[in-house]
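Student: I'd love a close look at one part of this protein, with its surroundings explained as we go. Could you walk me through it?

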Amino acid sequence: MKDLPKICILSMSMILVALNGCTQPKSLSERTSEIHDRVLTVDTHIDWPMKQFLNPDFNPSVRHAPGQGDSGQWDLIRMEEGGLDAVFMSIFTPQKKRTDQGHTKSKEVALKQIELTKKMVADNPNIAAIALTPKDAYRLEKAGKHAIFIGMENGYPIAKDIRNVKLFFDLGVRYITLTHSKNNELGDSSTDKQPEWGGLSPLGEEVVEEMNRLGMIVDISHVHDETFWDVIKLTKAPVIASHSSARTLRDVPRNISDEMLKAIKQNGGVVQVCLLDDFIKEMKQTPEREAALEELKEETSAWLRGELSKVELEKFKEKYRQIDEKYPKNRPTLADAIDHIDHLVQVMGIEHVGIGSDFDGGGGLVGIDDVSEMPNITRELLTRGYTEDEIRQLWGGNLMRVFNEVIQVAAELQN
Ligand SMILES: [Zn+2]
């Protein structure tokens with residue numbers, strides 16, 4: 001009993017310290033970095049493997065100053081700076097002719113990109129590791145390493161052979177974006193001149209079933225609306241859109257209508273907002289820029305058709321770069337992209353929304369131009385009143401829930 005006053009004095013001083021703490025609320029920057037560090041952050045779409053394929057001299061272990069020359073938007077050092085825990089590296093094959101030769105070549109290009117991705121990881125064993133499951137991502141996050149998942153953008157390398165699905169799965173591919181910008185053997189694309197199959201092709205149906213069976217995520221970004229509805233009817237597992245935004249805010253075929261968003265909610269899936277300027281907001285450009293782009297129109301169409309040779313492509317890119325330098329493009333901002341997150345949350349609920357930047361594949365906005373700037377997303381979400389739990393869901397919790405369900409469905413189908 002004699003010691004009681006001392007304890008009281010001690011408690012009083014602790015209360016004072018606590019009260020003092022309360023009078024100094026944490027700044028937005030402090031809260032941003034604490035929450036950003038605590039949650040698992042996942043970007044479901046970065047096109048670095050194609051960049052590495054085209055430019056083998058790019059060293060992913062070295063920091064590249066953002067926005068300079070061929071610095072790209074991702075390297076391991078900037079991934080660390082941006083506090084990005086996990087990424088799906090997209091194995092992207094530009095679609096050429098749908099001949100045996102075209103298909104064989106595309107498979108080679110895909111296999112090479114998988115090899116480059118694995119080499120990048122093998123060269124950096126202390127920083128990164130290949131991940132195949134959500135469990136891997138959480139384990140690696142705890143170990144302070146970056147989880148590198150592999151996704152495949154465009155089912156073109158599947159060609160006409162269903163066995164290729166398992167071949168790529170066994171190599172570590174965990175999602176396939178069924179089409180890219182053109183129709184392929186699996187189904188119709190949202191941006192080809194006209195539909196060819198009226199949605200999924202018969203082989204496309206088999207591929208979706210095979211992906212369900214294997215535990216591979218079906219990615220509906222880029223597909224035609226009819227293909228989307230066919231997938232939704234057929235799939236036994238939740239789907240993702242690895243990089244797509246809201247059509248209500250920006251009416252382009254690559255974005256997703258509210259009706260489709262509601263169907264994805266029903267399916268249990270997730271839509272990962274894409275940070276590509278043209279999918280976020282239409283911006284008025286200067287007449288000078290418009291005129292300069294008009295002059296480049298023919299080359300641009302040839303590029304979109306994938307018809308430029310390597311030398312022509314380099315020339316085209318240089319001309320484009322000069323136009324960008326002389327007449328900078330008016331671009332949407334990060335806040336405009338968060339408007340898409342707000343809309344998706346409103347239509348689908350917070351459990352069905354995430355982030356897929358499309359860096360090194362066209363992504364990038366004012367305020368979020370490379371992977372080092374990822375905390376800006378967390379800051380904007382905090383500013384808009386999202387709680388830590390909601391931010392955890394948006395940044396990766398939802399995606400990992402879907403991924404786990406896909407694995408669960410596969411286990412049931414294989415039993
Ligand atoms: Zn894409």
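Student: By class, how many nonpolar, polar and charged residues does the lining of the largest cavity have?

Tutor: Happy to take you through it, and please keep in mind that this is a predicted model. The lining of the largest cavity has six nonpolar, four polar and three charged residues. That makes a lining of 13 residues, and the ones nearest the centre of the cavity are Ile-220, Val-223, Arg-254, Ile-256 and Met-260. The space inside the largest cavity comes to about 50 Å³.

It helps to set this cavity beside its partner, as the structure holds two cavities of 30 Å³ or more. The second largest cavity has about 40 Å³ of space. By class, its lining has eight nonpolar residues, with no polar and no charged ones. Those lining residues are Val-273, Leu-275, Leu-334, Ala-337, Ile-338, Ile-341, Ile-355 and Ile-377. Helix H15, which covers residues 334-348, gives the most to this lining, with four residues.

Now let's turn to the metal site. The zinc ion is coordinated by Glu-153 through OE, and by His-222 and His-243, each through NE2, at 2.0 to 2.2 Å. If you want to find these donors in the sequence, look for the spacing E-x68-H-x20-H along the chain. Glu-153 sits in strand E4 (residues 146-153), while His-243 belongs to the loop between strand E7 (240-241) and helix H10 (258-267), so this pair ties together parts that are 90 residues apart in sequence. How accessible are these two donors? Glu-153 has a relative accessible area of 3%, and His-243 is at 0%. Because buried means under 20% relative accessible area, Glu-153 counts as buried, and His-243 does too.

One more residue deserves a stop on this tour. Asn-212 is part of helix H8, residues 202-214. Asn-212 is buried as well, with a relative accessible area of 3%. Its side chain reaches the backbone nitrogen of Lys-236 at 2.8 Å. Lys-236 also appears among the contacts of Asn-212 once neighbours within four places in sequence are left aside. The other residues on that list are Val-218, Leu-234, Thr-235, Ala-237, Val-409, Ala-410 and Leu-413.

Methods: Residues are numbered from 1 along each chain as its sequence is written. This is a predicted model: local features need pLDDT of at least 70, side-chain atom pairs count only at pLDDT 80 or more; totals for chains, interfaces and linings use all residues. Side-chain values use heavy atoms; hydrogens and water are left out. Donors are N, O and S atoms within 2.8 Å of the metal (3.2 Å for Na, K and Ca); water is not among the atoms, so sites may look incomplete. Helices (H or I, at least four residues) and strands (E, at least two) are DSSP runs, numbered from the N terminus. Buried means under 20% relative accessible area, exposed over 50%, partly exposed in between (1.4 Å probe, protein chains only). On a 1 Å grid over the protein atoms alone, a cavity is a set of points where a 1.4 Å probe fits but cannot get out, and a pocket is an open set with protein on both sides within 12 Å along at least five of seven lines; lining residues have an atom within 4 Å of a point. Grid points are joined across faces, edges and corners, and a volume is the space filled by probe spheres set on the points. Ala, Val, Leu, Ile, Met, Phe, Trp, Tyr, Cys and Pro count as nonpolar, Asp, Glu, Lys and Arg as charged, and the others, Gly among them, as polar. A polar contact is a pair of N or O atoms within 3.5 Å; within protein, one must be able to donate a hydrogen and the other to accept it, and residues adjacent in sequence count only if both atoms are side-chain atoms. Contact means heavy atoms within 4.5 Å.
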